[in-house]
Amino acid sequence: MKYWLTLIVATMLSLPLMALEVGQKAPDFTLRGTDGKTHSLKDYVGKTAVVIAWYPRAFTKNCTIECKSLAKNGDQIRAFNVTYFMASTDKLDENVRFSEYNSADFPLLSDPTGEVAKAYGVLIPIIKLARRVTIYIGKDGNILKIDKDINPATSAEDIASNLAKLGVEKTENAERVKQ
């Protein structure tokens, strides 16, 4: 029995990671954030690029490290015309506690049904956790990059570097109001 369970889990984890491809239109989403607002991709298209850093579970080691990186070094990301989020399948109240614990100055989005994670191709079936994947969406609403090689400790710096490489415009005022 243990062999079959291991085989099933290994098979599920080895399924193709992404249903999306660079250049495709990003699936719209409407998710509640830890900032008390409801965020929809359509509200940002034509205005800013969007980065969604998917993470598996609040309060786990690497997710905490990643959140702290984004909170501590978010100024590097805010130097670009971008709206950024972390997102998970955790319930909103769990993400609110996680956000407060890490002093996050950006919204964490909650997708407790996993529907948006599935649309983005990051949902691990059966256990309903998101894979650690960062999705870059252009101002036009199209996928610019799908990053599966995430270093939680340097996540903010890596996002800023990727935004520069992708040619996302800089803000006129790099010290603009935090989101």
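Which residues does Met86 touch, not counting residues up to four places away in sequence? In the predicted model described here, Met86 touches Ala53, Tyr55, Cys63, Glu66, Cys67, Leu70, Phe106, Pro107, Leu108 and Leu109 when residues up to four places away in sequence are left out of the count. Met86 is also one of the residues, together with Ile77, Phe106, Leu108 and Leu163, that touch the most other members of the largest nonpolar core, a set of 25 residues. Two or more residues of this core are given by each of strand 3, helix 2, strand 4 and helix 6, the last of these spanning residues 155–165. Another core lies apart from it and holds 23 residues, among them Phe29, Leu123, Ile137 and Ile143.

These cores belong to a protein whose secondary structure comes to six helices and nine strands. Of its 179 residues, 50% count as buried. Among the contacts with a separation of 6 or more, 70% are accounted for by residues that stand 24 or more positions apart.

Helix 4, which covers residues 92–101, has Leu92, Asn95, Phe98 and Ser99 as its buried residues. Because these buried residues fall within an arc of 120 degrees when seen down the axis of helix 4, they line one face of the helix. The packing partners of the buried residues of helix 4 are strand 1 (30–33), helix 2 (61–72), strand 4 (82–88) and strand 5 (108–110). On the other side of helix 4, by contrast, Glu100 and Tyr101 are exposed. Just after the helix, Ser103 adopts a positive phi of about 55 degrees.

Strand 8 is mostly covered, with five of its five residues buried. Val133, Ile135 and Ile137 point one way from this strand, whereas Thr134 and Tyr136 point the other way, and all are buried. Strand 8 pairs with strand 3 in the antiparallel sense over five bridges, and in this pairing Ile52 stands opposite Ile135 in strand 8. Strand 8 (residues 133–137) is also joined by four bridges to strand 9 (residues 143–147), and these two strands run antiparallel. Here Tyr136 stands opposite Lys145 in strand 9. The two strands form a hairpin with five residues between them, and in the turn Gly141 has a positive phi of about 90 degrees.

Ile137, one of the buried residues of strand 8 and a member of the 23-residue core, also lies 9.6 Å from Gln24, C-alpha to C-alpha, although the two are 113 residues apart in sequence. Gln24 is found in the loop between helix 1 (2–13) and strand 1, and at 34% relative accessibility Gln24 counts as partly exposed.

The aromatic residues were examined next. A pair of aromatic rings is described by the distance of the centres and the angle of the planes. The count comes to eight aromatic pairs. One of these is formed by Tyr44 and Phe85, whose rings are edge-to-face, at 5.9 Å centre to centre and with 65 degrees between the planes. This pair links distant parts of the chain, since Tyr44 lies in the loop between strand 2 (38–40) and strand 3 (49–54), while Phe85 lies in strand 4, 41 residues apart. With the cut-off for burial at under 20% relative accessible area, Tyr44 counts as buried because its value is 15%, and Phe85 is likewise buried, its relative accessible area being 1%. Both residues also belong to a cluster in which ring pairs link Phe29, Tyr44, Trp54, Phe85 and Tyr120. Of these, Phe29 is also among the members of the 23-residue core.

A contact of another kind involves Phe80, over whose ring the charged end of Lys170 sits, 4.7 Å from the ring centre.

Key: Residues numbered from 1 in each chain as written. Predicted model: local features only at pLDDT ≥ 70, side-chain atom pairs only at ≥ 80, totals over all residues. Heavy atoms only, no water. Buried < 20%, exposed > 50% of the residue type's maximum accessible area, 1.4 Å probe, protein only. Arc of directions from axis to C-beta. Contact = heavy atoms within 4.5 Å. Phe/Tyr/Trp six-rings, centres within 6.5 Å; stacked < 30°, edge-to-face > 60°. Lys NZ or Arg CZ within 6 Å of the ring centre and 35° of its normal. Pairing = 2+ DSSP bridges. Core = buried A, V, L, I, M, F, W, Y, C linked by side-chain atoms within 4.5 Å.
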